[in-house]
Every structure is written in structure tokens, then in C-alpha cells.
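Q: I have a new structure open and don't know where to begin. Can you walk me through it?
A: Sure, put it up and ask away.

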Amino acid sequence: MKIADLYIRARCDDPARQKLMEQLQEKELEEYCIANNIKIRAKVIDNCSAGNFDRPGWSEYYDRLVSSTVWPDLILFTTWDRFTRNLENFLIVKSNLDRMQITAKAIKTNIFLEAAIRTWRSKEL
């Protein structure tokens, strides 16, 4: 059985709407884990911008990951834009997670981000 940490990020000026958005993401992620026989290890909730990874929830979580010897198989989030909107930062974080053998995965496909990653990587070659 795979083990996952759930990453939930919502940014909203209205606290009630913020909470609802977080709850909806959490429910979707939990249902995905049940359907795919994935054990949930931890949940990380952030309410900051996705422009970079300088977010309190992510920073604290990532520091714990780096200092630990026990890692999840997956970090799950609903869509890529919940994880980040900065492709360059994403690729750096993804590379670091890959070294720890952790897969970052959106449970919903975002073809635009996937196409952007392919384009960016082709320019590197």
C-alpha cells in the first residue's frame, strides 16, 4: 500500500469560503486515496499564494521531510495550481522530492501545466 501526504492550498479573502475550499480539496483527496488504496500519513494546509514555495505550511512540512528518514511515497494535491503556479520553482522542488523518491501528483490532470513542462524541458535539451 502506498503512503501519501495530502497538500491542500486555498487562498481567499473570505474566511468562510476559504474553509469551504479547503474542506472540498480534503474530501476529494481522501476519496481518491480510498479509491486507490492509499494510506494517508499527513495533511498540510496552506492559505498562501502559489507564486513561490515561501509558504508557512509548505516550509514547515518540507523542513520535516528533509530532516526525516521516513518519507511518503506520494504528495497528493487536487490540481497543479494548488501546488504551484511557478514552473521553475516547481521543477526545483520536484527534483528535490525525486531525490527523496517522493512523487508529487495532482489527482486531476492539468494538460496546460503538463504541456508547459514538456516545452520547458525541450528548451533545456
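Q: Is Trp58 buried or exposed?
A: Trp58 is buried, because its relative accessibility is 3%, under the 20% cut-off. Bear in mind that this is a predicted model.

Q: And how many aromatic pairs are there?
A: The structure has three of them. In one, the ring centres of Tyr7 and Trp58 lie 5.7 Å apart with the planes at 90°, so this pair is edge-to-face.

Q: Where do Tyr7 and Trp58 sit in the chain?
A: Tyr7 belongs to strand E1 (residues 2-9) and Trp58 to helix H2 (residues 56-67). They are 51 residues apart, so the pair links distant parts of the chain. Tyr7 is buried too, with a relative accessible area of 1%.

Q: What about Trp58 and Tyr62, how are their rings arranged?
A: Their centres are 5.8 Å apart and their planes meet at 25°, so that pair is stacked. Both residues are in helix H2, and because they are four residues apart, about one helical turn separates them.

Q: Which residues do the ring pairs link into a cluster?
A: The cluster consists of Tyr7, Trp58, Tyr61 and Tyr62.

Q: Changing topic: which residues of the largest nonpolar core touch the most other members?
A: That core has 19 residues, and the ones touching the most other members are Tyr7, Trp58, Leu65, Ile75, Phe77, Phe83 and Leu97.

Q: Which elements each supply at least two residues of this core?
A: H2, E3, helix H3 (80-83), helix H4 (87-99) and strand E4 (103-106) do. The largest share, five residues, is from H4.

Q: What is Phe77 in contact with?
A: Not counting neighbours within four places in sequence, Phe77 is in contact with Tyr7, Leu29, Phe83, Ala104, Lys105, Ala106 and Ile107. Leu29 is listed elsewhere: a second, separate core of ten residues includes Leu29 along with Leu6, Ile8 and Cys33.

Q: Last thing, where is confidence lowest and where is it highest?
A: It is lowest in helix H5 (residues 111-124), with a mean of 63, and highest in strand E3 (residues 74-77), at 95. Over the protein chain the average pLDDT is 83, and 80% of the residues score at least 70. Where pLDDT is low, the predicted coordinates should not be read in detail.

Key: Residues are numbered from 1 along each chain as its sequence is written. This is a predicted model: local features need pLDDT of at least 70, side-chain atom pairs count only at pLDDT 80 or more; totals for chains, interfaces and linings use all residues. Side-chain values use heavy atoms; hydrogens and water are left out. Rings of Phe, Tyr and Trp (its six-membered ring) pair if their centres lie within 6.5 Å; planes under 30 degrees apart count as stacked, over 60 as edge-to-face and the rest as tilted. Buried means under 20% relative accessible area, exposed over 50%, partly exposed in between (1.4 Å probe, protein chains only). pLDDT is the predictor's confidence in each residue, from 0 to 100. A nonpolar core is a set of buried Ala, Val, Leu, Ile, Met, Phe, Trp, Tyr and Cys residues joined through side-chain atoms within 4.5 Å. Contact means heavy atoms within 4.5 Å.
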